Amino acid sequence: MLQRSPIAKLRPVPNKHRLNDRLVSDLQPRSKAFLVWDTVQPGLVVQVQPTGHRSFIVVYNRHGRTRWYHLSNALAIRVAEARKLANAVTYQIAQGKDPTAERKASRHAGTFEDLATRYRKYGETKNKSWKATGKLIKRYVLPSWGKLLAAEISRGDANALMADITAKVTANQVMASASAIFSWAIRKEIGGVKINPCHNIERNQTGSAPGYCRIASCHCSGKNLTAWG
């Protein structure tokens, strides 16, 4: 039995035309965004926004849900090139891949957020205290470092992060946790991390009773630090 194409499942298909460069350039914006579907390349559409901005997009179906894969500003490339790009995306879909999901995942690959997420999964099996420290990472570290490539975070970034946290003990705890993530990444050769930017960062002196940090690789002062792994 023949299976229908994931793109063919999308019905109804309005406003179909054989796209060409002049047609795309001459499209006039409306009060709401609209689509013009290409009759040559399945799934290829031009989306026109009320502002006049137009984009080439591949629209396809994945597990019953409509996906949108952005190709380019429609005025930046020609229709012929857009068809080639759309055809490549369609080929991936035919292989059972989800280009939109893969693109989204690749945007986070190598970032500190990706690294912290992977370390969290590791920490869940190694240390019961990861939840408390995970909250510190989420609150204090991810807003600043989440979208940065982990391998490019510097000691200057670490010093700045320390300075931004008013509570001295909390700053120490945050730095110890971040240090543990980097040290783990170096040991496991993950994310291209070669150095630990938190290494030898001076910790805040506090008047609290001393304890012992359980993160062997964090190089902290050893006071009141919670391990995340």
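Strands S4 and S5 (residues 65-73) pair in the antiparallel sense, with eight bridges between them. This is a predicted model, so keep that in mind as we walk through it. At the turn end of this pairing, Arg62 has Arg65 in S5 as its bridge partner. The hairpin leaves two residues between the strands, and His63 takes a positive phi there, near 55°.

Now look at the other partner of S4. Strand S3 (residues 44-48) is joined to S4 by five bridges, and these two strands also run antiparallel. If you want a landmark in that pairing, take Leu44, which stands opposite Val58 in S4. The hairpin of S3 and S4 has five residues between the strands, and here Gly52 is the residue with a positive phi, near 100°.

How does S4 itself sit in the structure? Strand S4 covers residues 54-62, and eight of its nine residues are buried, so the rest of the structure largely encloses it.

Let's step back for the overall layout. The protein comes to seven helices and five strands. Along the sequence, the elements follow the pattern β-α-β-β-β-β-α-α-α-α-α-α. The chain has 229 residues, and buried ones make up 41% of them. As for how the chain comes together, take the contacts between residues at least 6 apart in sequence: 52% of these join residues at least 24 apart. On the outside, the protein exposes about 13500 Å², with carbon and sulfur atoms supplying 50% of that.

On to the charged pairs. Side chains of opposite charge can pair when their charged atoms come close. The structure holds five salt bridges, and three of them are worth a visit.

Begin in helix H1 (residues 21-26), where Arg22 and Asp26 lie four residues apart, about one turn of the helix. Their side chains meet in a salt bridge, at 3.5 Å from N to O. What about the surroundings of the two partners? Arg22 is exposed, with a relative accessible area of 65%, while Asp26 counts as partly exposed at 42%.

The next salt bridge takes us back to strand S5. Arg67 pairs with Asp98, and the closest N and O atoms are 3.2 Å apart. This one links distant parts of the chain: Arg67 is in S5, Asp98 is in the loop between helix H2 (79-94) and helix H3 (99-108), and 31 residues separate the two. Is Asp98 buried or exposed? Asp98 is buried, with a relative accessible area of 9%. Arg67, by contrast, is partly exposed at 28%.

A third salt bridge joins the side chains of Glu113 and Lys147, at 2.8 Å from N to O. Again the pair links distant parts of the chain, with Glu113 in helix H4 and Lys147 in the loop between helix H5 (130-145) and helix H6 (155-164), 34 residues apart. Glu113 counts as partly exposed at 25% relative accessibility, whereas Lys147 is exposed at 60%.

Helix H4 is also a good place to pick up the aromatic residues. A pair of aromatic rings is described by the distance of the centres and the angle of the planes. With ring centres required to lie within 6.5 Å, the count comes to six aromatic pairs. One of them is formed by Tyr119 and Tyr122, a tilted pair with 5.5 Å centre to centre and 40° between the planes. Where do these two tyrosines sit relative to each other along the chain? They are three residues apart in H4 (residues 112-126), which means that about one helical turn separates them. Their surroundings are not alike: Tyr119 counts as buried at 2% relative accessibility, while Tyr122 is partly exposed at 22%. The cut-off for buried is under 20% relative accessible area, so Tyr122 at 22% does not make it into that class.

Two more aromatic stops remain. Phe112, Trp145 and Phe182 form one aromatic cluster. Phe112 belongs to H4, whose residues run 112-126, and Trp145 belongs to H5, which spans 130-145. Finally, a charge meets a ring at Phe34: the charged end of Arg30 sits over that ring, 3.8 Å from its centre.

Conventions. Residues numbered from 1 in each chain as written. Predicted model: local features only at pLDDT ≥ 70, side-chain atom pairs only at ≥ 80, totals over all residues. Heavy atoms only, no water. Phe/Tyr/Trp six-rings, centres within 6.5 Å; stacked < 30°, edge-to-face > 60°. Buried < 20%, exposed > 50% of the residue type's maximum accessible area, 1.4 Å probe, protein only. Lys NZ or Arg CZ within 6 Å of the ring centre and 35° of its normal. Contact = heavy atoms within 4.5 Å. Areas by Shrake-Rupley, 256 points an atom, 1.4 Å probe, with all protein chains shown as cover. Pairing = 2+ DSSP bridges. Salt bridge = Lys/Arg side-chain N within 4 Å of Asp/Glu carboxyl O.
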